[in-house]
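Please load the model into your viewer and keep the selection panel at hand. The stops below each name what to select and then describe what is found there.

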Amino acid sequence: MNQDNYSSDPPMGQDPLVLLETLQLLWTKHELGKLKEEIRRGFARLEDPLAGLLAMLESSSDWKGKGHSLGYCITTELQLWIKAHPAVPQSSTKLKKLQARVLGMLSQCPANLLDPLISIYQLHTADRNYLLEHVSHLYLQGNYKEAAILSIKLKLQPDQDVEKMCTPLLLQDKANLVEEYVAEYPELQRKLLQTLDSWCDPSFNIRDITRPYQGLSKYKPEKFNCRVLSKLVFRLLERFNVDSALCPNVINQRHLRTLKYLFYKRFVEKTMTEENWADHIQSTVGENRWLQEQLVQSLLRHCDARGAARWAQHCRVPPEMLPQAVAEELQKLHIQDRVEEVTKADNYEASRKKDYYQLPIPRENIHFLQTWEEMLQCWEKVLQPGQVVGVDMEWKPSFGMVGKPRVALLQLALKDEVFLLDLPRLLEQAEAEGEKEKLPHCIQMLYSDATITKLGYGMSGDLSSLAATCSALKDTEKQMQGVVDLLAVDKQLQWGKDSRKVDGLSPEHSHEERGVRQPEKGLSLLVQHVLGKPLDKTEQLSNWEKRPLREEQILYAASDAYCLLEIYERLCKDPESFGLGSDLTDSLVGKQSKKPRAKKQLNKQEAPSPSGQECQGPRMEPSRPPAPISPQEFSVVCDNMLQGLGRYLRCLGVDVRLLDNEDDHRKAAEIARQEGRVILTSGLPYQTVCNCNKYLKVSREAMKQLVESSRQVSGEHSAGCLGSQSCSVTVPVCDTAQPGCAPHSEQAEGMEQCEAAVVLAGDTVLQITAIPPGVLDRAELTDFYCCTCCGKVFWEGSHFGRIVSQFQDVLVASGDTRNIYELS
């Protein structure tokens, strides 16, 4: 066959396989124009073009490959040819035979051939029962993905069992395909969500679902647990806008995690006020009996019976839900007791305010606005050319629940007064009066006016919440001019060992001088650096939707906005002392090109501040800075808190991998290990990891002695006994922490007990007080492991096996025990 014969008309009834040979030759020569012409000419001469296509596909393996193939080219050209020649006669019987043949091919088809073949052979008109039977056959063969995809293409989902079809897909970590499977069918969405929620019932055994599929290829049982399923449920609830009441088990579990978080903030971290904490407890627990039981159990763990009774009364827990001891204490409570407790709390709060930033304006200059008449006076003062306005927003923390936060309070600070706008109330009034656009219009005027300087901290996050609150404000960020995001300024400030001290409190020593208080971060840390004292953040996690606002909330909200004015004024007055250019105002106003990270992620912990005391061992100052590398040489993996940063780094040429919103932090570690990437993260899991790898192994009996000795010494000192006590337990720890060290004496050289604290070599205090009561009495617990750098004490708990399973792909157990030092 020579090339001159390509253009000659083939005889009617040409063998499709002969045509295929011609097309293959043209395909290998990359003569695409001649190829398409020959395809159209060939189909016009075939006696049965539809049967001819199947014969060509069945005789060639080329079409099974991904991407653009000869089979794909032939199929799409036939589809175009049929549209131009719609009168291709096909009897019903013959079409059914062709449909049966093409169905057998679809499970092997690349994705780009499915739609053309379904269209050409009119599979949507085929007998539905026959199609369902074919999909069922694929399912029984274990081709779960292919069965689901074909069901989606043929719209067979309403006639299938959603649990049966989706379970193996979830086990293969194909949640996206599950979402696509139910995407067009609200009833299936609800059924799927109810099924997933039933699997999250505390009494449900997930193994009952997974057992039949254990031989499945790409089986990932570690991805099939309640926590992962609950994340999927929340994503589906938000995507499909389904009422969360449909999933009570998942909602209860999320509320339970919120309870634990609130107890941690109040009783461990001690950064939440009593009233603030009680507000959230009440809104979280509500009338849910199961959550009330969990609340009572948590109260008993963190308080004595009297304290539990007091909070049970405050949180309106029904008396019949309480243990007898707590119920008896509840009956003994009197009004005077509560008054005394509140007075003590108020006195304590008043005594600590001297440590925090205070508003320099009188209380009567803070205005809480709920009517449009009050608003008019506010906007007349705010919308003045040359005005400088501190802008902040507050919303109720969602604690991981469905939906984006909606702004409950908008704060506007001027030089002499602060306006607090009750945004939900004002928007509701405006809509009731038929003028719902007037408030958004004023806000847009403020942000778009280049003559008014707007100050914020993390403005992108605030504006995102503002857009979720009022759709008319969704484009505000694109239109804003004359803004200064002090988060961006904060990143330019040169804080370091030689940085300027502010009011006698240097950044690197501030945490030590403040004592046990949590290290400052974010705006609070910036206020401390520039103005000398941090913000009091105890009201940050308030319920900002509850009305009326408490006085503490009003003062907190006003301070958050007003401090921006004072920071800006101080920086503009003396920018060079803060390491900034002298043209601060000109360089910052209206030129914030980078999109900063959101200011508030109230369900996540922010990255540690420079003043945070992390256990990282001694730091060596480099003699010279490392040589810079180009962006092309840098490869990173960003967690889901730094997706914005990751996208920006990509623009600079950096090789970036981004975690999805639902991905766990440990996936970053897995990617970093496999691909040699640097992890960029602001998540809590990487903040609390100690870099030390030297551990002291202590038996349960020895740990009991340490705890008892510590308690005795504590008691003696509280009774007025002076001097230090020694621990009689033999603890062999070498100062150099090298393998092979041996005991030196009855009193270990590397360990001493000083004023009720067990101290390791290097002045590391052993945190034995953190061991919960009852742990030392567990017969199955034989050893404790103490970090020689930070002093934390570890033991094998109920989650040990689960944690080992979760990290088995990331960590490799070497069996090397050289860094474990045992008691003799």
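## A charged network

Begin by selecting E552, which at 34% relative accessibility counts as partly exposed, in what is a predicted model. Now add R550, which is buried, with a relative accessible area of 13%, and look at the gap between the two side chains: E552 and R550 form a salt bridge in which the closest N and O atoms are 3.8 Å apart. To see the surroundings of this pair, extend the selection to E275, D279, E539 and K546, which together with R550 and E552 are linked in a network of salt bridges. The structure as a whole holds 33 salt bridges, and two others are worth a visit.

## Two salt bridges across the chain

Select D48 and K94, whose side chains meet in a salt bridge of 2.9 Å, N to O. This pair links distant parts of the chain, since D48 sits in the loop between α2 (32–45) and α3 (49–59) while K94 belongs to helix α5 (residues 92–106), 46 residues apart. With a surface display switched on, D48 counts as buried at 13% relative accessibility, whereas K94 is partly exposed, with a relative accessible area of 39%.

Move next to R289 and E320, which form a salt bridge whose closest N and O atoms are 3.4 Å apart. Here too the pair links distant parts of the chain: R289 is in helix α16 (residues 289–302), and E320 is in the loop between α17 (305–314) and α18 (324–332), 31 residues apart. R289, at 44% relative accessibility, counts as partly exposed, and E320 is exposed, with a relative accessible area of 58%.

## A buried acid without a partner

Select D197, which lies in helix α11 (residues 186–199). Which side chain of opposite charge is nearest to this buried residue? It is R257, but R257 is 10 Å away, and D197 has no salt bridge. A salt bridge requires a side-chain nitrogen of Lys or Arg within 4 Å of a carboxyl oxygen of Asp or Glu, so at 10 Å R257 does not provide one for D197. What the side chain of D197 does reach is the backbone nitrogen of V250, at 2.7 Å. Showing the surroundings as sticks brings up the residues that D197 touches, not counting those up to four places away in sequence, namely L246, C247, P248, N249 and V250.

## Helix α21 and its cover

Colour helix α21 (residues 423–432) and pick out L423, L426, L427 and A430, which are buried. If you turn the view to look down the axis of α21, these buried residues fall within an arc of 95°, so they line one face of the helix. The face of α21 turned away from its buried side carries the exposed residues E428 and A432. The elements that cover the buried residues of α21 include β1 (366–369), α20 (372–382), β3 (407–413), β4 (418–421), α22 (438–448) and α23 (459–469). Before leaving this region, follow the backbone just past α21 to G434, which takes a positive phi of about 75°.

One of the covering elements deserves a selection of its own: α20. Within helix α20 you will find C378, which is buried, with a relative accessible area of 0%. Leaving aside its neighbours within four places in sequence, C378 is in contact with L369, L412, F419 and L421. Of these contacts, you might draw a distance line to L421, which is 43 residues from C378 in sequence and 9.4 Å away in space, C-alpha to C-alpha.

## Aromatic rings

Finally, show the aromatic side chains, among which the structure holds 10 aromatic pairs. Y695 and F794 form one that is edge-to-face, with 6.3 Å centre to centre and 70° between the planes. Y695 lies in strand β10 (residues 695–699) and F794 in strand β15 (residues 793–794), so the pair ties together parts that are 99 residues apart in sequence. Both partners are partly exposed, Y695 at 23% relative accessibility and F794 with a relative accessible area of 39%.

As a last selection, take F263, F267, W277 and W311, which ring pairs link into a cluster.

Definitions and conventions
Residues numbered from 1 in each chain as written. Predicted model: local features only at pLDDT ≥ 70, side-chain atom pairs only at ≥ 80, totals over all residues. Heavy atoms only, no water. Helix = DSSP H or I, 4+ residues; strand = E, 2+ residues; numbered from the N terminus. Buried < 20%, exposed > 50% of the residue type's maximum accessible area, 1.4 Å probe, protein only. Lys, Arg positive; Asp, Glu negative; His and termini not counted. Polar contact = N/O pair within 3.5 Å; in protein donor to acceptor, adjacent residues only side chain to side chain. Contact = heavy atoms within 4.5 Å. Arc of directions from axis to C-beta. Phe/Tyr/Trp six-rings, centres within 6.5 Å; stacked < 30°, edge-to-face > 60°.
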